[in-house]
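Visitor: I have a model open here and would like to talk it through with you. Could we start from a single residue and work outwards?
Guide: Gladly; let us put it on the screen.

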Amino acid sequence: MPRKLPALNADNRAFWQGGERGQLLICHCDACARYVHPPGPICPYCASFNVAAIPVSGKGVVVSFTLNYQAWTDELELPYVVAIIELAEQQGLRLLSNVIGMDPLLVHIDMPVKVSFLNIDDVWLPLFEKDQ
Ligand SMILES: [Zn+2]
């Protein structure tokens, strides 16, 4: 069974396809200057419609994580890490992803990470690896 991919729409397309150009694109509100995730047409802080996806650094830290031992898809090597990443640009700007490219048992909270994209079909999944 292949990995289930997100359904693309006008709101989330930039987030899922920014990796084609090596960019992590996160919605940003021009009215209140806050980042917004998950992507949407309206700023949840100030209700402005002036929201557009812009590139961020792709750097962040692991806020929380879990080691998973259930192979939901064939491609998953066990165990694998599901983590909440807080991006460097804004306190509380978090996304759910995987930490890859290292021994899962060495992942820890507050570990610096940087984005790394996995392309499947027309989606570039933003995954994270340890940032030295
Ligand atoms: Zn706003």
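Visitor: Which residues is I26 in contact with, leaving aside its neighbours within four places in sequence?
Guide: I26 is in contact with F15, Y35, H37, A53, I54, V56 and L87, where contact means that the C-beta atoms of two residues, placed from the backbone, lie within 7 Å. Before going on, I should say that this is a predicted model, in which local features need pLDDT of at least 70 and side-chain atom pairs count only at pLDDT 80 or more, while totals for chains, interfaces and linings use all residues. Residues are numbered from 1 along each chain as its sequence is written.

Visitor: And the strand around it, strand 1: how many of its residues are buried?
Guide: Six of the six residues of strand 1 are buried, a residue being buried if 20 or more other C-beta atoms lie within 10 Å of its own, exposed if 12 or fewer, and partly exposed in between, again with C-beta atoms placed from the backbone. In a regular strand the side chains alternate between the two faces of the sheet. Here both faces are covered, with L24, I26 and H28 buried on one side and L25, C27 and C29 on the other.

Visitor: What does strand 1 pair with?
Guide: Strand 1, residues 24-29, pairs with strand 3 in the antiparallel sense over six bridges, and two bridges join strand 1 to strand 2, also antiparallel. Strands here are DSSP runs of E with at least two residues, helices are runs of H or I with at least four, both numbered from the N terminus, and two strands pair if DSSP finds at least two bridges between them. On the strand 3 side, L24 stands opposite V56 and L25 opposite P55, whereas H28 stands opposite Y35 in strand 2.

Visitor: What sort of sheet do those three make?
Guide: They form an open, antiparallel sheet in the order 2-1-3. Strand 2 (35-36) and strand 3 (51-56) stand at the edges with a single partner strand each, so one side of each has no neighbour in the sheet. Strands 1 and 2 form a hairpin with five residues between them, and A33 in the turn has a positive phi of about 65°.

Visitor: Switching to the other sheet, in what order do the strands of the barrel run?
Guide: Five strands close into the barrel in the order 4-5-6-8-7, with mixed pairing. Neighbouring strands of this sheet are turned by 50° against each other on average, direction ignored; the axes are lines fitted to C-alpha atoms, for helices over the stretch in contact, and angles run from 0 to 180 degrees between N-to-C directions.

Visitor: Can you walk me through some of the pairings?
Guide: Strand 4 and strand 5 are antiparallel over eight bridges, with Y80 as the strand 5 partner of N68. Three bridges join strand 4 (residues 59-68) to strand 7 (residues 112-120), likewise antiparallel, and there G60 has V113 as its partner. Strand 7 and strand 8 (residues 123-130) run antiparallel over eight bridges and form a hairpin with two residues between them, D121 in the turn having a positive phi of about 55°.

Visitor: Any domain annotation over that region?
Guide: UniProt, in an unreviewed entry, lists residues 55-117 as "domain: ChsH2 C-terminal OB-fold"; its positions are given in the numbering used here, feature names are shortened, and annotations may be inferred rather than shown by experiment. In the model that span is 0% helix and 52% strand, and its end C-alpha atoms lie 14 Å apart.

Visitor: Back to the interior: which residues have the most contacts inside the largest nonpolar core?
Guide: They are I26, A83, I85, V99 and F128, in a core of 23 residues; such a core is a set of buried Ala, Val, Leu, Ile, Met, Phe, Trp, Tyr and Cys residues joined through C-beta atoms within 7 Å. Its largest share, five residues, comes from strand 1.

Visitor: Where does W16 sit, and what does it touch?
Guide: W16 lies in helix 1 and is buried, with 20 other C-beta atoms within 10 Å. Not counting residues up to four places away in sequence, W16 touches P6, L8, V123 and W124.

Visitor: Last one: how many helices and strands overall?
Guide: One helix and eight strands, and 23% of the 132 residues count as buried.
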